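The following note sets out points for a colleague who is examining the structure. The points move from the central strands outward to the chain as a whole.

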Amino acid sequence: MHAPISLWPAPDEDWRLPSSLIGQIHARSIMPLPAKVSKLQRHNTLQARMRELGLELGFEVQVETPTGYRKLVRSGRFDLTWTPADAGAKRIVFEIDSCWRHESLLKLGRLSDGDLRLWIYYGQRPFPIEPTEPGFRKLNILRIDPADLGIRSSGRRSMLLAPGEWPAMLYPRRAEHGR
């Protein structure tokens, strides 16, 4: 049995992805994986599934799109972008990670206002640091339960976040307990 969808939609309503689209992305993400796949193979499989779904939905899809953002000497890349055929619609930019990567959050947070952002996270331990980027209010986070992908628990203590509300840990100063 699969876990229900864990989605933290963008706090700013104009930047939320349609729930029907999130449902399709989630359903495609949790399709069974081959047995004994490596972490890289799992990531690549999820990326390929999102590519296929984007094409089926009529988007122009690009994989490993340069970000234009550089940290140290490496140039960053987005895992996937979906560009709609309608010139007036916003492009959707994806990051897919098995752990809480601040670098992914920064890349998505620094996108232009012409893009929607989706971070697909399928890790076990979401412990972020506090971001200061204003672009985080435009970020949608879809958490895939690792068990749905056949990932066994590492035995470490994990902290599960409740879906629905924007994670207070991303905005501790804006959360009710931080006021």
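1. The model is predicted, and strand β5 is a useful place to begin. Asp115, Arg117, Trp119 and Tyr121 point to one side of β5, while Leu116, Leu118 and Ile120 point to the other, and all of them are buried. Strand β5 spans residues 115–121, and 7 of its 7 residues are buried. The side that carries Asp115 and Arg117 thus holds charged residues that count as buried, and the reader may wish to inspect their surroundings.

2. Which strands pair with β5? Strand β4 (residues 91–97) pairs with β5 in the parallel sense over 7 bridges, and Leu116 of β5 is the bridge partner of Ile92. Between these two strands the chain passes through α3, and the resulting β-α-β crossover is right-handed. Strand β6 (residues 139–143) also runs parallel to β5, joined to it by 5 bridges. In that pairing, Ile120 stands opposite Leu142 of β6.

3. Strand β4 has 6 of its 7 residues buried, so it is largely enclosed by the rest of the structure. The connecting helix α3 (residues 102–109) is mostly covered as well, with 7 of its 8 residues buried. Its buried residues are Glu103, Ser104, Leu105, Leu106, Lys107, Leu108 and Gly109. Glu103 and Lys107 are among them, and these two merit a look when the helix is reviewed.

4. The largest nonpolar core has 27 residues, of which Ile25, Trp82, Ile92, Phe94, Leu118 and Ile120 touch the most other members. The elements contributing two or more residues to this core are α1, α2 (39–56), β3 (74–83), β4 and β5. Ile120 illustrates the packing: beyond its neighbours within four places in sequence, Ile120 is in contact with Ile25, Met50, Phe94, Glu95, Ile96, Asp97, Leu142 and Ile144. A second, separate core contains 12 residues, including Phe78, Trp119, Tyr121 and Leu139. Strand β5 therefore deserves attention from both sides, because Leu116, Leu118 and Ile120 point one way and Trp119 and Tyr121 the other, all of them being buried under the 20% cut-off.

5. Is Arg28 buried or exposed? Arg28 is part of helix α1 (residues 19–29). With a relative accessible area of 14%, Arg28 is buried, as the cut-off for this class is under 20%. Not counting residues up to four places away in sequence, Arg28 touches Arg49, Met50, Glu52, Leu53 and Glu56. Its C-alpha atom is separated by 8.4 Å from that of Leu46, a residue 18 positions away along the chain.

6. Helix α2 holds a histidine, His43, which also counts as buried, at 14% relative accessibility. What does His43 touch, leaving aside its neighbours within four places in sequence? The contacts are with Asp79, Ile96 and Tyr122.

7. At the level of the whole chain, there are 3 helices and 6 strands. Read from the N terminus, the elements follow the order β-α-α-β-β-β-α-β-β. The chain has 179 residues, and 45% of them count as buried. Among contacts with a separation of 6 or more, 60% involve residues 24 or more positions apart. The chain exposes about 9,900 Å², of which carbon and sulfur atoms supply 52%.

8. Confidence should be weighed in any reading of the model. The average pLDDT of the chain is 76, and 72% of the residues score at least 70. The pLDDT falls below 50 over residues 127–131, a stretch that has 11 contacts in the model beyond near neighbours in sequence. Residues 160–164 likewise stay under 50, and the model gives them 14 contacts beyond four places in sequence. It is requested that the contacts of these two stretches be cited together with their pLDDT.

Definitions and conventions: Residues are numbered from 1 along each chain as its sequence is written. This is a predicted model: local features need pLDDT of at least 70, side-chain atom pairs count only at pLDDT 80 or more; totals for chains, interfaces and linings use all residues. Side-chain values use heavy atoms; hydrogens and water are left out. Buried means under 20% relative accessible area, exposed over 50%, partly exposed in between (1.4 Å probe, protein chains only). Helices (H or I, at least four residues) and strands (E, at least two) are DSSP runs, numbered from the N terminus. Two strands pair if DSSP finds at least two bridges between them. A crossover is right-handed if, with the strands pointing away from the viewer, the path from the first strand over the helix to the second runs clockwise. Contact means heavy atoms within 4.5 Å. pLDDT is the predictor's confidence in each residue, from 0 to 100. Accessible areas come from the Shrake-Rupley method with a 1.4 Å probe; for residues, only the protein chains shown count as cover. A nonpolar core is a set of buried Ala, Val, Leu, Ile, Met, Phe, Trp, Tyr and Cys residues joined through side-chain atoms within 4.5 Å.
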